[in-house]
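Visitor: I would like to learn how to read a structure feature by feature. Could you take me through the one shown below?

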Amino acid sequence: MNYLSEMLKLPVLDVNGEKLGVVNDLGIATGEVFPHVTSLAFQGPGKTPFMISWRKYVDHVDDEGVHLKTRDTDVRFSYLQPDELLLARDILNKQIVDTQGLKVVRVNDLKLSSSGENQLRLLGAEVGSRGLLRAMHPALERIAARLARAVGKPLEEHIIAWSYMDLLERSTQTIKLSVSHKTLDELHPADIADIIEQLDPRLRSQVFAQLDTAQAAEAISEFDDDELVAEVIEGMSDREASSMLALMDPDDAADLIEELDYEKAEKLLRLMGVKEERAIRNLLGYGENTAGRIMTSEFVALPATDTAADAIEAIRKLDEDFESIYYVYTLDSTGALTGVLSLRTLIVADLDMRLSDLAYRDVVWVAPDLDQEDVADEMAKYNLVAVPVCDENRHVLGIVTVDDALDVIAEEHEEDLQIAGMGAGENAQGESTHVLSWFARRHYWVLVWAVASGIIAATLGSLGAGTQRFIYPMCAMPVVLLTASRFSAFVRSYFLEYDEHEHEGTPYLAFFLQTVAVGVAIALVVFLCGQLMMGAAFTGAEQAAPARMFSACFACAAATVALSAASSVVYLKVLFWRDEHDLNTSGTAMSLIAVLVACVVYALASTASVLVLAG
């Protein structure tokens, strides 16, 4: 018996072969690398639950059942110890954290190992399809495994060793697990955030219960989903949430506060210390997606007359949770920014040297209302890990650090990918790595073509023109759909590459003239190709009517192509408008709309042409 699913429902037999009941669970001691089974839980007559010591009473296990060493009258029942848990009740079909793979998985089965006739140890959890099939019925697993081998893709086991499992449900998170592995609260905050985002909503609060306030603050600041952040904070008590926000960097805390409703946000702010509340409120006073919103108020700025020793002593006195220090800024007597020096410069300098003699005076700084993307560009241009944010008098309001700049770049890149019609599961060339996703994103026009052709055939038939004549509109439709899709892609590329700093005014007129010129050229090619095909395919006087229908359909296709080109400027204007209002735009959705619009226009025009020519 190698799996828990194979153990469950086995009969429990005494030394004389008398059946006492059936196995319904196994208990393990958790404080080992590979825990041994300590208890046997079985269901007796009348569904009465019993539990006995495995070591004391179990002789051996085979396919016939669990064999005990004694008669049924000599069996004494026991209880689960504080450091023990039940495999079926506490782990099977539950979510666990794979602390090696850094992901949340569901346990489909549990793998056991025999060490002697009466000893079993837990090796780990089976989280793959084999465990799921085995739990349904062992025969299903065997059939699936054989079929997988037959096609050259063996059905592998996916075992997570006990030493890399962390429990989430019930009160089992308080049980001491193996001392040899990294538990959830020892992971990096970014890894904890990734794990929590994978969890069922009902388990997220249990995960936070395992973290202290500082760990929870670091983890929640790594969340990508704003709605999830709000959900987690809503699930905490006001005092806990306020304490957690107070420990966060002010800029991160301001972002989270903004996601809450007004009353909740005000309550949490009032529960904070005065210093933390003031810092967060100051940041909330700046516009969204500006330097002021993403800056932190934690920085080191000293009078230029101070010495290197003064600066080092000031840094030593900072709290441990102070924002990472990259530079020391120098100020004149009015508090205006005069220079900057790196920590390396400060460390290697003589202690009695004045900061004014060490500082670099040509300081790069940004205004608080500068767009966050421009701030990131400035930092990349000058290779800065932090940039000061100053008012019109050069008084330092805060600094934007490299981690915030990277977040901005990642956010803008994700928006660009979305507009370009790309996303998760796609490679560097924008092609999906899943066949269905790849077809849906790149070749959905085939489905549109098929459906539209069917509708045209039904329409012609219902109007007495004959269903067979739908072949003429159908022949020219692909070029219409593909051209609409390509023009949509051109609009997206133009938008992504357009730099408003390098161009003055709106680009609409130049773009319109450019696309119309290209559209007219393509339309002319389409019409001429239609004429060439008509001349080759329709010969003889008896085919004059079909030839006219065929030619008319290609003329409609050429006109629709020109219209798609001319209307591209509308899609460009929509993209710019949505970008100005911080609205995300799906490139795939825009392309689909363009294709459907072109399809409808062409279908109406070509169907009408066929009906008129058919008399």
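Visitor: Which residue forms a salt bridge with Arg281, and how far apart are the closest N and O atoms?

Guide: Please keep in mind that this is a predicted model. As a general idea, side chains of opposite charge can pair when their charged atoms come close. Here Arg281 pairs with Glu266 in a salt bridge whose closest N and O atoms are 2.9 Å apart, and this pair links distant parts of the chain, with Arg281 in helix H13 (residues 274-284) and Glu266 in helix H12, 15 residues apart.

Visitor: Is Glu266 buried or exposed?

Guide: Glu266 has a relative accessible area of 16% and is buried because buried means under 20%, whereas Arg281, at 33% relative accessibility, counts as partly exposed.

Visitor: Which residues are linked with Arg281 in a network of salt bridges?

Guide: The network of salt bridges links Arg281 with Glu266, Arg270 and Glu277.

Visitor: How many salt bridges does a search of the whole structure find, and where is the one between Asp238 and Lys267 placed in the chain?

Guide: The search of the whole structure gives 9 salt bridges. In one of them the side chains of Asp238 and Lys267 meet at 3.5 Å, N to O, and that pair also links distant parts of the chain, since Asp238 lies in helix H10 (residues 238-247) and Lys267 in helix H12 (residues 262-271), 29 residues apart. Asp238 is partly exposed, with a relative accessible area of 23%, and Lys267 is likewise partly exposed, at 40% relative accessibility. Another salt bridge joins the side chains of Asp74 and Arg71, at 3.7 Å from N to O; Asp74 is partly exposed at 35%, and Arg71 is partly exposed at 44%.

Visitor: Turning from charged pairs to nonpolar packing, which residues touch the most other members of the largest nonpolar core?

Guide: One reads such a core by its membership and its contacts. The largest nonpolar core has 52 residues, and those touching the most other members are Ile220, Ile233, Leu245, Ile257 and Val400, while helix H9 (residues 226-234) contributes the largest share, 5 residues. If residues up to four places away in sequence are not counted, Ile257 touches Leu245, Ala265, Leu268, Leu269, Ile280 and Leu284.

Visitor: How much space lies in the second largest pocket, and which residues are the closest to its centre?

Guide: A pocket can be read through its volume and then its lining. The second largest pocket holds about 530 Å³ of space, and of the 23 residues that line this pocket, Pro250, Lys275, Ala279, Ser297 and Glu298 are the closest to its centre. H10, helix H11 (250-258) and H13 each supply at least two residues of that lining, with H13 giving the most, 7 residues. By residue class, the lining of the second largest pocket divides into 14 nonpolar, 2 polar and 7 charged residues.

Visitor: Finally, what is the phi of Lys9, and where does Lys9 lie?

Guide: For the backbone, one reads phi together with the residue type and its place in the chain. Lys9 is not a glycine, and yet its phi is positive, at about 75°; Lys9 lies in the loop between helix H1 (4-7) and strand S1 (11-13) and is exposed, with a relative accessible area of 61%. Arg394, also a residue other than glycine, has a positive phi near 65° and is found in the loop between strand S17 (386-390) and strand S18 (396-401), where Arg394 is partly exposed, with a relative accessible area of 27%.

Methods: Residues are numbered from 1 along each chain as its sequence is written. This is a predicted model: local features need pLDDT of at least 70, side-chain atom pairs count only at pLDDT 80 or more; totals for chains, interfaces and linings use all residues. Side-chain values use heavy atoms; hydrogens and water are left out. A salt bridge is a side-chain nitrogen of Lys or Arg within 4 Å of a carboxyl oxygen of Asp or Glu. Buried means under 20% relative accessible area, exposed over 50%, partly exposed in between (1.4 Å probe, protein chains only). Helices (H or I, at least four residues) and strands (E, at least two) are DSSP runs, numbered from the N terminus. A nonpolar core is a set of buried Ala, Val, Leu, Ile, Met, Phe, Trp, Tyr and Cys residues joined through side-chain atoms within 4.5 Å. Contact means heavy atoms within 4.5 Å. On a 1 Å grid over the protein atoms alone, a cavity is a set of points where a 1.4 Å probe fits but cannot get out, and a pocket is an open set with protein on both sides within 12 Å along at least five of seven lines; lining residues have an atom within 4 Å of a point. Grid points are joined across faces, edges and corners, and a volume is the space filled by probe spheres set on the points. Ala, Val, Leu, Ile, Met, Phe, Trp, Tyr, Cys and Pro count as nonpolar, Asp, Glu, Lys and Arg as charged, and the others, Gly among them, as polar.
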